[in-house]
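Welcome! Here is a short guided tour of some strands and helices, meant to be read with the structure open beside you.

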Amino acid sequence: MALPLEVINRESVREKSIRHGHPSTLHLWWARRPLAACRAVLFAQLVDDPSAHTDKFPTEEDQAKERRRLFDLIEQLVVWENSNNHVLLRQAYEEIVKCFDGRVPAILDPFAGGGSIPLEAQRLGLEAHASDLNPVAVLINKALIEIPPAWAGRPPVFSGAAESRLGSWPRATGLAEDVRRYGQWLRDEAEKRIGHLYPKAKLSDGSTANVVAWIWARTVKCPNPACGTAMPLVRSFWLTRKKDRPTWLRPVVSGTVVKFEVVIDKSGPSIEGTVGRQGATCLVCDTPVSLKYVRAEGRAGRMGQQLLAVVAEGQRQRVYLQASSEHIKIADIPRPDDVPDVELPNNPRNFNTPVYGLTTFSDLFTHRQLAALTTFCALVKDARERIVADAGRIGMTDADADSYATAVATYLAFTVSRLADYGSTLVTWHHRESARNTFTRQALAMTWDFVEFNPLLRGTGTIVGSAAWTAEAIDFLMLGSTGSVTQADASAGWSAERQYIVSTDPPYYDNIGYSDLSDFFYVWLRRSLRDVYPDLLGTMVTPKTEELVATPYRFGGSREKAEEHFETGFIKTFARIREVHPHNVPITVFYAFKQTESDEQGVASTGWETMLTGLIQAGLSVTATWPMRSELSNRMLASGTNALASSIVLACRPRTASAEGTTRRGLIQALRTELPRALRELQQGSVAPVDLAQAAIGPGMAVFSRYAKVVESDGSPMTVRMALALINQVLDEVLSEQEGDFDADTRFCVKWFSQFGWDEQPYGRAEELSRATNTSVDGLTRGGVFWARAGKSRLIEPAELSDTWDPATDERISVWEVVLRLAKALDELGAEQAARLMAQAGQCVDLDTAKELAYLLFSICEKRGWTQTALLFNGLGTSWSDLSAAAQIGGSLTPPPAQGEFDFSNDEE
């Protein structure tokens, strides 16, 4: 069926800002799909479009009315506040089972990863099955869908916890409470063992305060023979830029020793830091030092660390103190025995610490951090024994007590694993007085100065804070049905004796090295849980050989062998899926990857090509595509990443035996017939302009994959790569044809912009182009979009436009001017002002045409490499639907309230 994409996309983006209670906070995983999108896709996958039941809905009017009813239900379902709305979820469940003659369908995700799809299947009351090769992903899925239903409605077993509230313990709130209580127990026991490693700080008035964190810098010896100082490598001397107390570090050189004073002063440091992308500088002798030298010192084991400052608790604010010899001495402890000396992978794309000498996972932590983590891992085992005893005292059977202890210990191990994310030397201090965790992106990147938190306090980087986040995620889980989780290869992780409906989010070619990255957590989870999950956690690191990613370094650097491994695995997996999947229900596949290469055939996408080849060779055909926006508008383009801001959901079915073939010419004709409508639907669905070319692959491949074979002019079968090139070619044609909708002034501006951008050109060129587009230079100048003087001419840039424009009084308004002014307003004044301006402009021009122009202008900028202007138009195109909705109600961007009945039984403010 179709989908109300604007609402789904809005809620998917909004979900990114929701933290407390969100299942993603249970444990980090990479590239999770938004729950709202997964919920909507599952519902649409399982509920027939009204047009499939002409006996019940014989006319188009009847079908439209029923479709609107289903859309209303979906629009309520995807609102975050309705995630645990029993009445609403029951309505959705009844719609689904009605399409399956009263039976509850079994949903399978063979690439379960972070568990979004199985979790949402369970929320909808369906039979949820998850499979993944990675043990960390398997544990996450167990913690989301397998463990909580087994202990639903039970009170906590920690002594006195059950009496802490009146009434029942709905869902898994009793389990969550035990995670909080035993998390506190871990902290208290750890203080007995390692509390002496975390001394208090002495304040200026003689009193003492808890230390929140210690800020360190790595050091290397200055290569100048006359100096030889231990050079502190500091990214930034700023501690906080808060207006009421801007605080920074002032270097003080005494001989060949550098110390640091804490200064509260608005003037700020004279230099930002001592190290950057170009190298480092010695504060003693000003010698410039290359990063090559720094790397060599690190690999030789000669990189040290220096305490820069101490962060202590103050009266409702942080207090920054100068480093003291006492704190330096206490932190200088021997490296603990039995730490995870597992080698980091030789994967420079995602791991650059080895080139600086940090070659094992244990090298990523200070000795004190290692002491804390090994202590907490040991305490998880002790806590499990205590839980067995506590559960027995309240009457649980031995078997139940043992099983429950394993459940709580799993979440406690997650709290320690989460602690590692904020407890490594890759965690950095931000001048907003917050920390960037280890995985700020899908990589382990080298840091110079770093923050070491006190894990025995509360808040960020502490065991109690970590347990609180874990427990809150458990509290919010909706236990719709039981779930099962299996560790297995995606092509063999389920029984072939029954049918499953598959919805999955497979790996994106070589974009994310899941197993390499997850080893950071695995080495700690294994220490805590290997006794209770011996099969799952039996290996030293996560499985690598069978992992379905195209990582060349595992194949001796051969991209061809890596691609062959990825494609073969896809074919095998989807051929198996086709065998067990009912033919009357589509398979849904999320894909969010953007990698483009150019060759003699044009621009192609290896990730898409390989994945689609696997689908087609498995005998599947793409029957529908839905763009699901899941990221903020400019993040992806700005960061230069290959991931998309929009996930493209492909609905696939087995290709029919009666499918006919066609020729290259026949394919091009079909693409030219069907892509224009599909392109407009993508734009209306708010797919980001930066993703439009990739999103168009979906409907284009729907055309290509319906044929049994597409024959080239020489009689050879057309490859997927060539089909993708043709799709891009027709897409360019369609975008160009949209120019026919524009007014004359806009056509002139588009043609000028595509040739010259904002650059100045001779007046004669403007005169010539104006005649070709049936306008005039004088009219363009009066229209406020063009400048011509003294034989020179150019387009007026958005930044030059005034902020006082009134569309109603503009005597020569054009679509071009509207788009530029909207882009400027959104960028400089914010969304609400842009929405108000859109409401006014909508009285004068066709806004659908203006939206088409925003997409076209982004396409031009992308091809010309004009990144900053591309960001401007990408932001406008991505935000268009939200601005349009706000424009209709006067410019307010307040999100809609949740619908229906709520369950507030465990809300905590």
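Two strands count as paired if DSSP finds at least two bridges between them. Keep in mind that this is a predicted model. With that pairing rule in hand, strand S1 (residues 106-109) and S19 make a good starting point: they run parallel and are joined by 2 bridges.

**Strand S19 and its partners**

- On the S1 side, Ile107 stands opposite Ile501 in S19.
- S19 also pairs with strand S20 (residues 587-591), again in the parallel sense and over 2 bridges.
- In that pairing, Thr588 of S20 is the residue opposite Ser503.
- Which way do the residues of strand S19 (residues 501-504) point? Ile501 and Ser503 point one way, while Val502 and Thr504 point the other way.
- Whichever way they point, all four of these residues, Ile501, Val502, Ser503 and Thr504, are buried.

**The sheet S7-S8-S9**

- Here 3 strands form an open sheet in the order S7-S8-S9, with antiparallel pairing.
- Strand S7 (238-240) and strand S9 (257-264) are the edge strands, and each pairs on one side only.
- From one strand to the next, the twist averages 30 degrees.
- Strand S8 (residues 247-254) and S9 run antiparallel and are joined by 8 bridges.
- One residue pair to look for is Ser254 with its bridge partner in S9, Val257.

**Helices H7 and H12**

- Two packed helices are described by the angle between their axes and the distance between the axes.
- For helix H7 (residues 173-194) and H12, the axes come within 8 Å and cross at roughly 175 degrees.
- Angles over 145 degrees count as roughly antiparallel, so H7 is roughly antiparallel to H12.
- Residues of H7 that take part in the contact include Leu175, Ala176 and Val179, and those of H12 include Ile463, Val464 and Ala467.
- By class, this contact between H7 and H12 has 9 nonpolar, 4 polar and 4 charged residues.
- Ser466 also has its place in helix H12 (residues 463-476).
- Is Ser466 buried or exposed? Its relative accessibility is 4%, so Ser466 counts as buried.
- Leaving aside residues up to four places away in sequence, Ser466 touches Phe414, Thr415, Arg418 and Leu419.

**Helices H21 and H26**

- Helix H21 (residues 744-756) packs with helix H26 (residues 847-864) at an angle of about 15 degrees, and their axes are 10 Å apart.
- Angles under 35 degrees count as roughly parallel, and H21 and H26 are therefore roughly parallel to each other.
- The crossing of H21 past H26 is right-handed.
- Thr746, Val750, Phe753, Ser754 and Gln755 are the H21 residues in this contact, and they meet Leu853, Leu856, Leu857, Ile860, Cys861 and Arg864 in H26.
- The residues of this contact divide into 7 nonpolar, 3 polar and 1 charged.

**The sheet beside H21**

- Another open sheet has 3 strands in the order S27-S29-S28, and the pairing is antiparallel.
- Strand S27 (761-762) and strand S28 (786-789) stand at the edges with a single partner strand each, so one side of each has no neighbour in the sheet.
- S28 and strand S29 (residues 792-795) run antiparallel, joined by 4 bridges.
- Within this pairing, Ser793 in S29 is the bridge partner of Ala788.
- H21 packs on this sheet and touches S27, S28 and S29, and its direction makes about 100 degrees with that of S29.

Methods:
Residues are numbered from 1 along each chain as its sequence is written. This is a predicted model: local features need pLDDT of at least 70, side-chain atom pairs count only at pLDDT 80 or more; totals for chains, interfaces and linings use all residues. Side-chain values use heavy atoms; hydrogens and water are left out. Buried means under 20% relative accessible area, exposed over 50%, partly exposed in between (1.4 Å probe, protein chains only). Axes are lines fitted to C-alpha atoms, for helices over the stretch in contact, and angles run from 0 to 180 degrees between N-to-C directions. Angles under 35 degrees count as roughly parallel, over 145 as roughly antiparallel, 65 to 115 as roughly perpendicular and the rest as oblique. A crossing is left-handed if the near helix is turned anticlockwise from the far one by less than a right angle, and right-handed if clockwise. Contact means heavy atoms within 4.5 Å. Ala, Val, Leu, Ile, Met, Phe, Trp, Tyr, Cys and Pro count as nonpolar, Asp, Glu, Lys and Arg as charged, and the others, Gly among them, as polar.
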